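Me: Please take a close look at one part of this model, and then set it beside the rest.

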Amino acid sequence: MTKLKTQSLKKRQSDLANTNKQLEILSNGIFANGELPTFKDKIAETNQFPLKAKPLEILQINVGYMCNQVCEHCHVDAGPDRKEIMTRETMQQILDVVKTTGAHTLDLTGGAPEMNPNFRWFVEEASQIGVKDFIVRSNLTIIRANKKYYDLPEFFKKHNIHVVSSMPHWTRGKTDKQRGEGVFDMSIKALQELNAVGYGMPDSNLKLDLVYNPSGAFLPGDQASMEKDFKKALMEDFGIQFHNLFAITNLPISRFLDYLIASENYEDYMYSLVEAYNPMAVENVMCTNTLSVSWDGYLFDCDFNQMLDLPVNSKSKHISEYKTELLEGRNIVISQHCYGCTAGAGSSCQGTVA
Amino acid sequence: MSKTYYDPADLRKFGKITEWSEELGNKFFEYYGKVFEEGALSAREKSLIALAVAHTEQCPYCIDAYTKDGLQRGVTKEEMMEAIHVGAAIKSGATLVHGVQMMNKVNKLDG
């Protein structure tokens, strides 16, 4: 069994559950007094403002905020108390759109996407459309959380799902500190089960990638070095194999923002992000080729903007009124949290970008 | 004047030393950057050496910097503490090995 690490901001009735409050913090203080440049000013230095949407490549769908875990740094503020769940009607609208776009990747996220009651129906329908890469972001523990999920590895295999799972560290202490007591052991079991059906094996087409995000107020290290360390430790300690490690930077929003403020690390963290700013990463930042769809069908430039209630700057605001010509070339909506995607080698849901 | 000799925020200003001596400052940072690149030793190993030396030098800026650097590289707290013990062992060993000099002197003067 796992133990919940904390409670959602919403459940705690925290001020930060209000996204306007978060945006206010990100615009005031060190950014308002000129100590640090705003993201807009920074990208303008290299003539990269405004960021423009390129043709759609990745459709990322958040099927609901409900989760069996309450991780300390979750940018979704997900948890068992969150009742926002995508309906089958919205899923059908998405399927209709996927058939018409040139998107090569479908990326399901949450919460724990598997907890949506229509998750399996949606996967079965969507896998018939023939997108090149069909990702499910699984938190791993869900596979062991309840008997009804035990067959997920086989289900994923049947539909050739690309499984992408979070793993903050190869040690129990660091993983459980971020994700809750018992999460490490359960994640290890889930990874072994995925390996057993063929996921993550060197020559296997069943892709299993891990996501590393730092357990505290610091940036991720070099992705390739981290991957080497993860592979060595997980193989030696547990006989686990996987394909790639994506090193992802924690963005200063939601529960991670709450953590930064409570631990008095906010300013130092923002300095670290700004100091590590890399204009090369701006070139390939994920919001320019991705669209994020919320549980209720609204469109956003990325999952982070979704969580900040910053909708796309387009007349096409909902999946039911999706129009390529209105979305392509739109100006991306930005704020200071965007520094998280342009620090160092950059960061995206597919790992580094520069 | 600041109230204390050390201000954590001063670490961010380290790069400014080039402003009063550009050539030497730039040469230092170029050398510094090169030292910490992957080489015969990995960047991770170098980071742990730097952390141990930061403690023996008792440099608060370096301790902050290489603790954070270690975390970024996935170094565990157990590894960090062991590295510091290496530094501490050398420091205490360096003190105690001079005990031989004391013994030599005692033996010469009062043997």
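At what angle do the axes of helix α4 (residues 88-100) of chain A and helix α5 (residues 119-127) of chain A cross, and what meets what there?

Reply: The axes of α4(A) and α5(A) cross at roughly 15 degrees and come within 11 Å of each other (axes are lines fitted to C-alpha atoms, for helices over the stretch in contact, with angles from 0 to 180 degrees between N-to-C directions). The two helices are therefore roughly parallel (under 35 degrees; over 145 is roughly antiparallel, 65 to 115 roughly perpendicular, the rest oblique). This is a predicted model, in which local features need pLDDT of at least 70 and side-chain atom pairs count only at pLDDT 80 or more, while totals for chains, interfaces and linings use all residues. Residues are numbered from 1 along each chain as its sequence is written, and chains are lettered from A and ligands numbered from 1 in the order in which they are written. Helices (H or I, at least four residues) and strands (E, at least two) are DSSP runs, numbered from the N terminus.

The crossing of α4(A) with α5(A) is right-handed (the near helix is turned clockwise from the far one by less than a right angle; anticlockwise is left-handed). On the α4(A) side the contact (C-beta atoms, placed from the backbone, within 7 Å) uses A:Arg88, A:Met91, A:Leu95 and A:Val98. Facing them in α5(A) are A:Trp121, A:Phe122, A:Glu125 and A:Ala126. By class, this contact has 6 nonpolar, no polar and 2 charged residues (Ala, Val, Leu, Ile, Met, Phe, Trp, Tyr, Cys and Pro are nonpolar, Asp, Glu, Lys and Arg charged, the others, Gly among them, polar).

A second helix pair in chain A is α8 (residues 172-179) with α9 (residues 183-196), whose axes come within 8 Å and cross at roughly 105 degrees. These two helices are therefore roughly perpendicular to each other. From α8(A) the contact takes A:Arg172, A:Thr175, A:Asp176 and A:Arg179, and from α9(A) it takes A:Val183, A:Phe184 and A:Ser187. The division here is 2 nonpolar, 2 polar and 3 charged.

For the wider setting, an unreviewed UniProt entry places "domain: Radical SAM core" at residues 61-199 of chain A (positions follow the numbering used here, names are shortened, and annotations may be inferred rather than shown by experiment). That span is 40% helix and 13% strand, with its end C-alpha atoms 23 Å apart.

Chain A also has an open sheet of 8 strands with mixed pairing, in the order β6-β5-β4-β3-β2-β1-β7-β8 (strands pair if DSSP finds at least two bridges between them). At the edges stand β6 (245-247) and β8 (299-300), each with a single partner strand, so one side of each has no neighbour in the sheet. The partner strand β5 (residues 208-212) runs parallel to β6(A), and 3 bridges join them. In one of these strands, β6(A), A:Leu245 is the bridge partner of A:Leu210.

The loop between α3 (39-45) and β1 (58-62) of chain A holds A:Pro50. The peptide bond that leads from A:Phe49 into A:Pro50 is cis, with omega near -5 degrees. A:Asn47 is found in the loop between α3 and β1 of chain A as well. Its phi is near 55 degrees, a positive value in a residue other than glycine.

Chain B offers another helix pair: α2 (residues 43-56) and α3 (residues 60-72) pack at about 155 degrees with their axes 9 Å apart. That angle makes α2(B) roughly antiparallel to α3(B). Their crossing is left-handed. The α2(B) residues in the contact are B:Ser47, B:Leu48, B:Ala50, B:Leu51, B:Ala54 and B:His55, and those of α3(B) are B:Cys62, B:Ile63, B:Tyr66, B:Thr67, B:Asp69 and B:Gly70. They divide into 7 nonpolar, 4 polar and 1 charged.

The unreviewed UniProt annotation "domain: Carboxymuconolactone decarboxylase-like" covers residues 23-101 of chain B. These residues are 81% helix and 0% strand, and the end C-alpha atoms lie 44 Å apart.

Where the two chains touch, 8 residues come from chain B and 11 residues from chain A. On the chain B side, α3(B) gives the most, with 3 residues. The chain B side divides into 1 nonpolar, 3 polar and 4 charged residues.
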